[in-house]
Amino acid sequence: MDEKISQIYEKKEVSDVVNKQPKESLIQKKIDILAKPIQSSNLNILREFASSNRNYINHYIFLADTKATFLIGISSSFLIKLYSSYHLFFLKSIRTWDLLDLISFFSLTSLIIAITSAISVVFPRLITNKNKGLVSWVDISNYESSNDYLSDLLKKNEEEIMKEHYSVNYFLSLVCKKKYYWMSLSFIAMIIGMMLGIIVFVNI
């Protein structure tokens, strides 16, 4: 009986070793792949993709800025028209405001939100990043001189420079995401403000 039990345990240990071996070898293969440098053919593909990806992101950043400028113009024009036509309610006490006064107030407020949100799209951000880099103009400007920049650039290989290109693409995508957030908010606020403003114009 003891011999059978020992044989069973021996078989189980052998099977465990056999089952574990492929997993360990697979993990080792993954480590080896990650440790190997990128081949030149793959670098060419990554270089082309980084360039096309950069153009794609910059295109949508340009569209966001263009649309935001349009929203600023439309919202500002409607705001001026509404205020010049119906603004005397500001001279009254809030307690004496009627329904049309409230609608006009919320219309003006929505248009102001639309304008400020659109300005947030095109307004340049304050840059506080002090990191040095080889691709982004922000990082390049943190070098004390062009010689320091060239010195670091010549120390990098093509793979390291390619990684920095993709890091910049990621940063630009975050910028683009923020721009479209503020632009969407501006568009919604403008629509609400204009709809309320039309109600005011109809009832003046």
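Let us start at F49, which lies in helix α2. With a relative accessibility of 47%, F49 counts as partly exposed, since the exposed class begins only over 50%. Follow the chain from F49 to Y166 and you pass along 117 residues, yet the C-alpha atoms of these two residues are separated by 9.5 Å. Please keep in mind while reading that this is a predicted model.

**The overall layout**

What is the protein chain built from, in helices and strands? It has 6 helices and 0 strands, and read from the N terminus on, its elements run α-α-α-α-α-α. Of the 204 residues in the protein chain, 24% are buried. The accessible surface adds up to about 14,900 Å², and carbon and sulfur atoms account for 65% of that surface. The contacts tell us about the fold too: among those in the protein chain with a separation of 6 or more, 75% are between residues 24 or more positions apart.

**Inside the fold**

In soluble globular proteins, nonpolar side chains tend to be buried together. Here, the largest nonpolar core holds 12 residues, including F78, W97, I103, I115 and V200. Two helices, α2 (40-85) and α3 (99-122), each give at least two residues to this core. Which helix supplies the largest share? That is α3, with 5 residues.

A good residue to look at here is L108, itself a member of the largest core. Once its neighbours within four places in sequence are set aside, L108 is in contact with L79, L82, Y83, F89 and F90. Of these partners, L79, L82 and F89 are also listed in the largest core.

There is a second, separate core as well, made of 9 residues. Among them are A68, A114, V121 and A189.

**A nonpolar patch on the outside**

Nonpolar residues also appear on the surface. F187, I188, I191, I192 and M195 form a nonpolar patch there, and together they have about 470 Å² of accessible area. M195 sits in helix α6, which covers residues 158-203. Why is M195 classed as exposed? Its relative accessible area is 53%, and the class applies because this value is over 50%.

**Charged pairs**

The model has 3 salt bridges. The table below gives each pair with its N to O distance.

| Salt bridge | Closest N to O distance |
|---|---|
| K179 and D65 | 2.8 Å |
| K92 and D101 | 2.8 Å |
| E159 and K163 | 3.7 Å |

The pair of K179 and D65 links distant parts of the chain: K179 is in helix α6 and D65 is in helix α2, 114 residues apart. K179 has a relative accessibility of 8%, so this lysine counts as buried, while D65 is partly exposed at 23%. Their side chains also make a polar contact, at 2.8 Å. What else surrounds K179, apart from neighbours within four places in sequence? Besides D65, K179 is in contact with I61, A64, V121 and V122. One of these, V121, is also a member of the second core.

Next comes the salt bridge of K92 with D101. K92 is partly exposed, with a relative accessibility of 37%. D101, by contrast, is buried at 0%.

The remaining salt bridge joins the side chains of E159 and K163. These two residues are 4 apart in helix α6, so about one helical turn separates them. Is E159 buried or exposed? E159 counts as buried at 19% relative accessibility, because the buried class takes in values under 20%. K163 is exposed, at 52%.

**Looking back at helix α6**

Several of the residues described above belong to helix α6. K179 is found there, and so is M195. The helix therefore holds a buried lysine with 8% relative accessibility as well as an exposed methionine with 53%. E159 and K163 lie in helix α6 too.

Conventions:
Residues numbered from 1 in each chain as written. Predicted model: local features only at pLDDT ≥ 70, side-chain atom pairs only at ≥ 80, totals over all residues. Heavy atoms only, no water. Core = buried A, V, L, I, M, F, W, Y, C linked by side-chain atoms within 4.5 Å. Buried < 20%, exposed > 50% of the residue type's maximum accessible area, 1.4 Å probe, protein only. Contact = heavy atoms within 4.5 Å. Patch = residues over 30% accessible without salt bridge, like charges linked within 9 Å, V, L, I, M, F, W, Y side chains within 5 Å. Areas by Shrake-Rupley, 256 points an atom, 1.4 Å probe, with all protein chains shown as cover. Salt bridge = Lys/Arg side-chain N within 4 Å of Asp/Glu carboxyl O. Polar contact = N/O pair within 3.5 Å; in protein donor to acceptor, adjacent residues only side chain to side chain.
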